[in-house]
Amino acid sequence: MGGMPLLSERALNRSLLERQLLLDRVAWPVPRVVEHLVAMQGQEPDAPYVGLWTRIAGFTHDALSSQLHERRIVRGAHLRTTQHLALAEDFRWLRPLLQPRMDRAPLMGLRREIEGLDLAELASVGRRLLKGRALTRRELGSALAEHFPDRKANALAVSVHFLVPMVHPPPSGLWGKRGSVPCALAEDWIGQPLQTMPRIQTMITRYLAAFGPADVKDMQAWSGLSGLREVVDELRPRLRVHRDEGGRELFDVPEAQEPGDPDRPAPVRFLPAFDNLLLGHANRSRVIADEYRKLVAPGQARVLPTFLVDGFVSGTWSVKDGRLLLSPFRTLSRTDTATVSEEAWRLAQFVLPDADRRDVRLEPGPERGV
């Protein structure tokens, strides 16, 4: 590496925070932020709103809702086969690129229910049923069951969700909205066909711009794809190469800013469930200590809302009975307690509509050490 200095954990932390727009809030429009992040996980519909609030100065709920209504941003499954928000233009290449992984999903989770079923036929029927209209998932399942009467309606609908590129139009994805999820063919809703020959190199360079420097395992964990080593090796002459303190080879796009000052102050930030920051790497030590990972991801595919102190995950938060509850992983200093509480009250104004009952409670942190 020609004597290139190794990147410390804190240098990687500060680089990631900067690229994830978590050091300084930006004044960018919502589409630019979503485009920069490539996609924002939307499995929990309200989560992207908090993720944008913590990154954009003066963000309001309508700033995202209006983009969903205008079809510039769409909600659908692609990265890691889970729900994400992305620009409609980016969905057009992301979903086809990830479709081979999506095609395998029914066989992994619904094997018993769909065993022996012709999945190409199922996809064809599902596409025909959705053409030119939106159906709720229950309606889609019922319609599919008429064609496949010996199968469970829900298993059929979920399988088509993976097999056929679709999006979930509003009211799905709107702040505070729950209930039936409408499904529409992606090309119908977007008004353009999906790309037929998307370039995986585009995905890798876009990822590195928002999450790098990173290694191949990180890219694979974020995308849900495997076998990316050969693609990265092909790109190697056009990438910067670093190493971390453990000797891992980390790649980056040349136009990205070099990892900055590891001692740069990092503000307290509140993150939603499933935030990009926590799911963008296989090795997450740059943002969360190993001893805290199970507290953030306690099982059942959950990733809890968290808050950062000095750039690292230091606790979780939740909303219950009109209160914002903070659960630190360790005892916070007086200064940290004050800054966490101050930012928590700002978050409370965003997530709790009833100003008269609005409250923030900080639980005492256990003495676990850092």
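**View 1. Packing of helix α7 against helix α9 in the predicted model.** Helix α7 (residues 119-130) packs with helix α9 (residues 153-163) at an angle of about 90 degrees, and the axes of the two helices lie 9 Å apart. Because angles of 65 to 115 degrees count as roughly perpendicular, α7 is described as roughly perpendicular to α9. On the α7 side the contact is formed by Leu 119, Leu 122, Ala 123 and Gly 126, while α9 contributes Leu 156, Ser 159, Val 160 and Leu 163. Sorted by class, the residues in the contact of α7 with α9 are 6 nonpolar and 2 polar, with no charged residues.

**View 2. The open sheet of 5 strands and its edges.** The strands follow the order β9-β10-β11-β12-β13, and their pairing is mixed. Since β9 (269-271) and β13 each have a single partner strand, they stand at the edges of the sheet, and one side of each is left without a neighbour there. Averaged over the sheet, neighbouring strands are turned by 25 degrees against each other, direction ignored. At the β9 edge, this strand runs antiparallel to strand β10 (residues 306-309) and is joined to it by 3 bridges, with Leu 271 having Thr 306 of β10 as its bridge partner.

**View 3. Strands β12 and β13 with the crossover through helix α16.** Strand β12 (residues 323-328) pairs with strand β13 (residues 359-362) in the parallel sense over 4 bridges, and Leu 326 has Leu 362 in β13 as its bridge partner. Between these strands the chain passes through helix α16 (residues 334-351), giving a right-handed β-α-β crossover. Helix α16 lies across β9, β10, β11 (312-320), β12 and β13, and runs at about 145 degrees to β13.

Notes. Residues numbered from 1 in each chain as written. Predicted model: local features only at pLDDT ≥ 70, side-chain atom pairs only at ≥ 80, totals over all residues. Heavy atoms only, no water. Pairing = 2+ DSSP bridges. Right-handed = clockwise from strand over helix to strand, strands pointing away. Axes fitted to C-alpha atoms, helices over the stretch in contact; angles between N-to-C directions. Contact = heavy atoms within 4.5 Å. Parallel < 35°, antiparallel > 145°, perpendicular 65-115°, else oblique. Nonpolar A, V, L, I, M, F, W, Y, C, P; charged D, E, K, R; others polar.
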